[in-house]
Amino acid sequence: MAKESKDFSKYFDFSGAKVISEDQSGKTIRLNGRDIHIVSEPDYRQEKQRGKEEIQVHYENAVPEELKHLGVGKKYLIYTYGCQMNEHDTEVMRGLFEEMGYVSTEDRMQADVILYNTCAVRENAEDKVFGELGHMKVLKQQRPELILGVCGCMSQEASVVNRIMQKHAHVDMIFGTHNIHRLPHLLQEAHYGKEMVIDVWSKEGDIIENLPKKRTEGLRAWVNIMYGCDKFCTYCIVPYTRGKERSRLPEDVIAEVRELARQGFKEITLLGQNVNAYGKDFTDRGYRFGDLMNDIHKIDIPRVRFTTSHPRDFDDHLIEVLAKGGNLVEHIHLPVQSGSTEVLKRMSRKYTRERYLELAERIRKEIPNAVLTTDVIVGFPGETEEQFEDTMSLMREAGITSAYTYIYSPREGTPAYDMTDDVPLEVKQKRLARLNALVGELSLKHHNELIGQVIEVLVEGESKNKSTVLSGRSRSNKLIHFEGDKEWIGKFVQVKVTAAQTWYVKAEVVSEPMAASFAG
Ligand code: SAM
Ligand code: SF4
Ligand code: F3S
């Protein structure tokens, strides 16, 4: 299938614009009647490069004294799209807003600043944001003092920034994933100036520690352990939008986890695009993800999860550490993407079907009760019916219990974008439907196997449909509904599984709340 040619280049382009001034602080141009101050701009060529320079870690405060009152009397609203990485970035931005005196609102009519923290991984994620930006034009006309900002992964794409400059001139600021800590300064410029401000760093910056974080709930918390991705799977935009792999120092990660434990959080999820590459960039120590998990295993926090792990770097030491159990839960999300070695090769995943199956088997053998989930892309360029069948059979053979499934979405600038996207849309949709039916079947099968078992649940809240029913998650992240007392929310209970549904199990309580399950 021929791809439509796009109007917006992957390189930054301000043709049609008049340059008004240019100095050390950047360039100011006038385009379609709006002045645009470009401090820095996305550059696809730089995003691809992986330099050897060492990453510095900074500990100074991101909100200078003079900006601590910038938001007093003002409200902010952030819409978040995409993965947990973005959710967590939103928590950091919320922390920055609140340190400047802003308060949060859910009502866009009340907001003085609205930010879109965007995702670029698939085209439909981008379409949603452009749709929303279109709607905001009216609101901006009614309330010109409203600041409208776009940040996150889409901002790292020159084509997106070009399109906003050309078609959404009511946006006031665009910044990327590498300079979130600059938010206070960007807000200052946006509040006091009339120009659209563009500040998108093409090269990842250093690691900024001590950024304030406003976490949304008191039960579960995300903790970044590394940033970026160097894998360059041929379909994926993330290495361009998130820069090269940089690991946080273990002492900083451990201090954060200890602090969360002290604050009473019950579960943490360690975040990275490829957590198994943790530590590969350290030049002064041979400390890797297995070592980090081993150290976190000793911290008194009940549950520790991690996402996402690339099969390629999943080593025996990590398996050995995870087998210790305790607070390290036995749920492993191990994205496979395809069950065909041929397709995996074209995706540049750097493992074969056989290697994935061997790893899955080793994990299930060494880690008692390990539960595996995965990600799959259907309709990758050139995927034949037989190759798709390989994915279906792998799901069963690997013992997958659940999966996130996607139709391949061509991303401009990635190597797969230049491959012939020859699987017709109807075929992709049919494959997705068949795969989803299989995922439902495998999930139900797993849930049926749980019937009669006594399992530990972290109680999260009342179920959506019935207030006497509580909902929670097992260590393996399965959703559980059971009758219980609201007082138990935030605590651990033991339940016996009584019935299986496709996406959850029903259970009854066998013993009331415990402080924590952690046994060391
Ligand atoms: N780093 C993780 C890994 O390698 O498994 C994945 C992170 S990515 C943000 C989440 C998922 O999005 C991927 O596992 C993949 O299944 C899916 N994905 C990424 N690029 C895609 C594309 N161009 N089209 C469809 N799905 C895509
Ligand atoms: Fe994308 Fe591959 Fe990196 Fe995951 S490992 S973020 S799929 S390039
Ligand atoms: Fe999307 Fe960026 Fe995450 S592209 S999936 S928000 S890393």
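Me: What is the strand order of the open sheet of nine strands, and what makes two strands count as paired?

Reply: The order is β1-β2-β3-β10-β9-β8-β7-β5-β6, with mixed pairing. Two strands pair if DSSP finds at least two bridges between them; strands are DSSP runs (E, at least two residues) and helices likewise (H or I, at least four), numbered from the N terminus. The model is predicted: local features need pLDDT of at least 70 and side-chain atom pairs count only at pLDDT 80 or more, whereas totals for chains, interfaces and linings use all residues. Residues are numbered from 1 along each chain as its sequence is written, chains are lettered from A and ligands numbered from 1 in the order written, and side-chain values use heavy atoms, without hydrogens and water.

Me: Why is one side of β1 and of β6 left without a neighbour in the sheet?

Reply: β1 (18-23) and β6 (103-104) stand at the edges with a single partner strand each, so one side of each lacks a neighbour in the sheet.

Me: How many bridges join strand β2 to strand β3?

Reply: Five bridges join β2 (residues 26-31) to β3 (residues 34-40), and the two run antiparallel. R30 stands opposite D35 in β3.

Me: Which residues surround ligand 2, and how do they divide into nonpolar, polar and charged?

Reply: The surrounding residues are C229, K231, F232, C233, Y235, C236, V238, P239, Q273, H310 and R349, each with a heavy atom within 4 Å of the ligand. They divide into seven nonpolar, two polar and two charged, where Ala, Val, Leu, Ile, Met, Phe, Trp, Tyr, Cys and Pro are nonpolar, Asp, Glu, Lys and Arg charged, and the others, Gly among them, polar.

Me: What do residues 74-192 contain?

Reply: Over residues 74-192 the chain is 47% helix and 19% strand.
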